[in-house]
Amino acid sequence: MENTLYIALSYQTVMQRQMDVIANNIANVSTPGFKGEHMMFVEYLSDTADKKAKEDISFVQDVAVVRDYREGAFTRTDNPLDLAISGKGWLQVDTPNGMRYTRNGHLEIDSKSTLTTSGGDPVLADNGRPITIPPTGGNIVIARDGSITVGGQKVAKLKLVSFDNEQMLRKDASSLYFTDAPALPAPKAAVVQGMIEESNVKPIVEITNMIGAMREFQAAQQMIEEEHKRQLDAIGTLTQTSA
């Protein structure tokens with residue numbers, strides 16, 4: 001197989017991965033707190049088989065998936081257990097797989113009166129313990145600093161954390177993220193009760209990106225087909241000449 005085909009195939013492989021990332025973004029347009037992802041590409045140079053040649057082969061290589069951590073739009077729900085985080089901050093969540101972090105503020109109270117994520121994992125207080133909401137009733141008020149009061153009595157304060165480099169966060173299931181990096185205080189983050197942070201994915205942009213990726217893939221496929229035809233024609237011509 002000649003270099004032209006290798007180059008075209010490397011490009012098609014990257015475009016296929018790009019399509020997977022775009023499709024995942026579109027699938028999570030309605031997921032609260034979801035952060036869009038984008039591929040990072042580089043040019044990869046490889047020596048030719050001919051050592052005397054002074055030219056390199058240029059391939060396309062995807063080196064990483066970069067996550068867009070810009071804040072999504074806030075939507076009012078008026079549900080006292082819904083909250084959005086303004087600024088760089090994350091809720092800390094205790095799961096069977098260890099500590100996780102989320103910006104999906106659609107919270108619930110389970111049968112044990114524990115404040116949990118929509119997936120059933122306990123949300124932690126600033127003392128590192130799960131938060132218990134007294135079942136006695138009363139209005140639940142969550143202040144901007146994360147303090148929770150029920151019927152006028154303070155019961156806990158949400159643990160809001162931040163990270164030096166959010167790109168170190170790795171995605172888990174149910175809008176959760178994890179990392180080995182230390183969780184730091186988030187003094188500039190603020191809680192907004194009765195609101196949900198929507199996904200920051202813009203459907204029109206993603207659909208446009210998908211159309212562009214499809215066209216690029218098809219262009220590479222056309223180049224492969226033309227190169228294949230050129231090789232067949234060359235073989236046919238050489239065979240006739242030899243005869």
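How many helices and strands does the chain have? There are 2 helices and 17 strands, and keep in mind as you look around that this is a predicted model. The chain is 243 residues long, and buried residues make up 37% of them. Its accessible surface adds up to about 14200 Å², with 53% of that belonging to carbon and sulfur atoms. If you look at contacts with a separation of 6 or more, 62% of them are between residues 24 or more positions apart.

Let's start with a small piece that's easy to find. Three strands make up an open sheet, lined up in the order E9-E10-E11 with antiparallel pairing. Strand E9 (140-142) and E11 sit at the edges with a single partner strand each, so each has one side without a neighbour in the sheet. On average, neighbouring strands here are turned by 25° against each other, direction ignored. In general, the strands of a sheet pair through backbone hydrogen bonds, and they can do that in a parallel or an antiparallel way.

Now walk through this sheet strand by strand. E9 and E10 run antiparallel and are joined by 3 bridges; Val-141 is the residue that stands opposite Thr-149 in E10. From there, strand E10 (residues 147-150) pairs with strand E11 (residues 153-157), again in the antiparallel sense, over 4 bridges. Here you can spot Ser-147 standing opposite Lys-157 in E11. E10 and E11 form a hairpin with 2 residues between them, and Gly-151 in the turn has a positive phi of about 60°.

Next, the charged side chains. A search of the whole structure turns up 9 salt bridges. One of them brings Glu-197 and Lys-35 together, at 2.5 Å from N to O. Glu-197 belongs to strand E17 (residues 195-197), while Lys-35 is in the loop between helix H1 (3-27) and strand E1 (37-47), so this pair ties together parts that are 162 residues apart in sequence. Are these two residues buried or exposed? Glu-197 has a relative accessible area of 1%, so it is buried, and Lys-35, at 0% relative accessibility, counts as buried too.

Glu-37 is another good one to click on. Arg-67 forms a salt bridge with Glu-37, and their closest N and O atoms are 3.0 Å apart. This pair links distant parts of the chain, with Arg-67 in strand E2 (residues 56-67) and Glu-37 in strand E1, 30 residues apart. Both Arg-67 and Glu-37 are buried. Glu-37 also meets the side chain of Lys-171 in a salt bridge, at 3.3 Å from N to O. Lys-171 is in strand E13 (residues 170-171), 134 residues apart from Glu-37 in strand E1. Glu-37 has a relative accessible area of 7%, so it is buried, whereas Lys-171 counts as partly exposed because its relative accessibility is 36%. Elsewhere, salt bridges that share partners join Lys-35, Glu-71, Arg-103 and Glu-197 into one network.

Finally, have a look at the outside. Which residues make a nonpolar surface patch of about 220 Å²? The patch is made by Ile-26, Ile-207 and Ile-211. Of these, Ile-211 is found in helix H2 (residues 203-242). With a relative accessibility of 40%, Ile-211 counts as partly exposed.

Methods: Residues numbered from 1 in each chain as written. Predicted model: local features only at pLDDT ≥ 70, side-chain atom pairs only at ≥ 80, totals over all residues. Heavy atoms only, no water. Salt bridge = Lys/Arg side-chain N within 4 Å of Asp/Glu carboxyl O. Buried < 20%, exposed > 50% of the residue type's maximum accessible area, 1.4 Å probe, protein only. Patch = residues over 30% accessible without salt bridge, like charges linked within 9 Å, V, L, I, M, F, W, Y side chains within 5 Å. Areas by Shrake-Rupley, 256 points an atom, 1.4 Å probe, with all protein chains shown as cover. Contact = heavy atoms within 4.5 Å. Pairing = 2+ DSSP bridges. Axes fitted to C-alpha atoms, helices over the stretch in contact; angles between N-to-C directions.
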